[in-house]
Amino acid sequence: MLANLVTANALTNVDDVRIGVSNERTRLVLDLSSRVDFDVFLLGNPRRIVVDLPNLQWPDNLQPKPQGVIGGLRFGQFTADKSRLVLDLKQPATVSKNFILGKTSGLPVRLVIDLVAATPAQFNEQVTADRQRNRQKTASAPVPVAKPTLQTPKPKKRKAKPVIVIDPGHGGVDPGALGRKAREKNVTLSFARQFAKQLRNTGKYEVYLTRNLDIYIPLRQRVAIARKHNADLFVSIHADAIERSSVRGMSIYTLSETASDKEAAALARKENRSDIIAGIDFDDQPKEVADILIDLAQRETKNLSVQFANLVVDHARGSTKLLDRTHRFAGFRVLKAPDVPSVLIELGFLTNRSDEKQLLSSAWHKKLAGRLVKSVDSYFSKERLVGIVQ
Ligand SMILES: [Zn+2]
């Protein structure tokens, strides 16, 4: 722990992130407390520019206004020792210059990246060149993305206690939904910690978190973590945002390729974008050849997922407002562990004043986590398992 603190103190600070437009050029500037190494590359589908940096201390709640060719941006921790800044491009563009300026009369160290508009062909050419360069670089140091686990599910070992994996949504470079004050990635982490604590206090369960830091974890890796721990239950925690600020309430999702309604389908699309937001290059990933295998195994676990979702709806009633048709179905990538019953809980809407207040309240976290523990208890209760266990 102490070692971590020492490293944290030694981190370079990002004091500001600024964007300016002059003539044809869009300039991005990071104000830094010291010089750092960095790497810039382009990604297609959708068009993005990614800046990889060492682990940095990023400012909280800084939202620079996108301008010029930049349509959106986010930054944060990417892996344990890497930070990432991702720029969404409004139009094809390339990096015309990138450099570090040293500290001068009152000005901090600055990382400067200049972008200029390009043709789609010029953009694609650069994407290909960057990918080749990255491949050569990562040949010795593999990217921290879990390979899909393709083997058929093994029979579960008899374990002393049921294993529960809690998955705080988003993190690091991917902030998730934004409220007036709250960011989804922080809400999900603090709720997950509270839920884990209460589950552990019962002494009945072995509990793991997919992340316990403000760090980005690819969706596929979250599923792999659940499988690695041989989990009996996987609970992904999220919070939503929507234009209509009057909409509020909790909802819970289980996996289905056919979404129960348009809203559920749109939500799954939004949550599944997490890897794009974090700047993952899909063209460089192995194809999901195991889809059919996964579908077969999923049928067995789907029923259990639905049972748990129903228990959560029953137990949460009265402790928080529930969205109409609280239990819905959609194709969330994070629910695709073929042999682990999995649910995704949207705790509420960050865009609703009352919901946001709850999502930031530790008392509310405690209360709702308590109801979830009750749901877990009934799910694993002896009565329910009669007929399932031989
Ligand atoms: Zn989310």
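Which residue in E15 stands opposite Val235? Hi everyone, let's start there. This is a predicted model, and in it the partner of Val235 is Val343. The strands behind that pair are E12, residues 233-240, and E15, residues 342-349; they run parallel and are joined by 6 bridges.

Now let's step back to the whole sheet. E12 and E15 belong to an open sheet of 6 strands with mixed pairing, and the order reads E11-E10-E12-E15-E13-E14. At the edges stand E11 (206-209) and E14 (322-330); each has a single partner strand, so one side of each is left without a neighbour in the sheet. From one strand to the next, the twist averages 20 degrees.

Next, the helices. H4, residues 219-228, lies across E10 (163-168) and E12, and runs at about 165 degrees to E10. Then there is H5, residues 262-272, which packs on the sheet and touches E12, E13 (250-255), E14 and E15. The direction of H5 makes about 65 degrees with that of E14.

Please keep H5 in view, as we move to the metal. The zinc ion is coordinated by His170 through NE2, Glu184 through OE, His238 through ND1, and Glu271 through two OE entries, at 2.0 to 2.4 Å. Along the chain, these donors follow the spacing H-x13-E-x53-H-x32-E. Take His170 and Glu271: His170 sits in the loop between E10 and helix H3 (184-201), while Glu271 is in H5, so to speak two distant parts of the chain, 101 residues apart, linked by this pair. And are they buried or exposed? Both His170 and Glu271 are buried. Thanks, everyone!

Terms used:
Residues numbered from 1 in each chain as written. Predicted model: local features only at pLDDT ≥ 70, side-chain atom pairs only at ≥ 80, totals over all residues. Heavy atoms only, no water. Pairing = 2+ DSSP bridges. Helix = DSSP H or I, 4+ residues; strand = E, 2+ residues; numbered from the N terminus. Axes fitted to C-alpha atoms, helices over the stretch in contact; angles between N-to-C directions. Contact = heavy atoms within 4.5 Å. Donors = N, O, S within 2.8 Å, 3.2 Å for Na, K, Ca; no water. Buried < 20%, exposed > 50% of the residue type's maximum accessible area, 1.4 Å probe, protein only.
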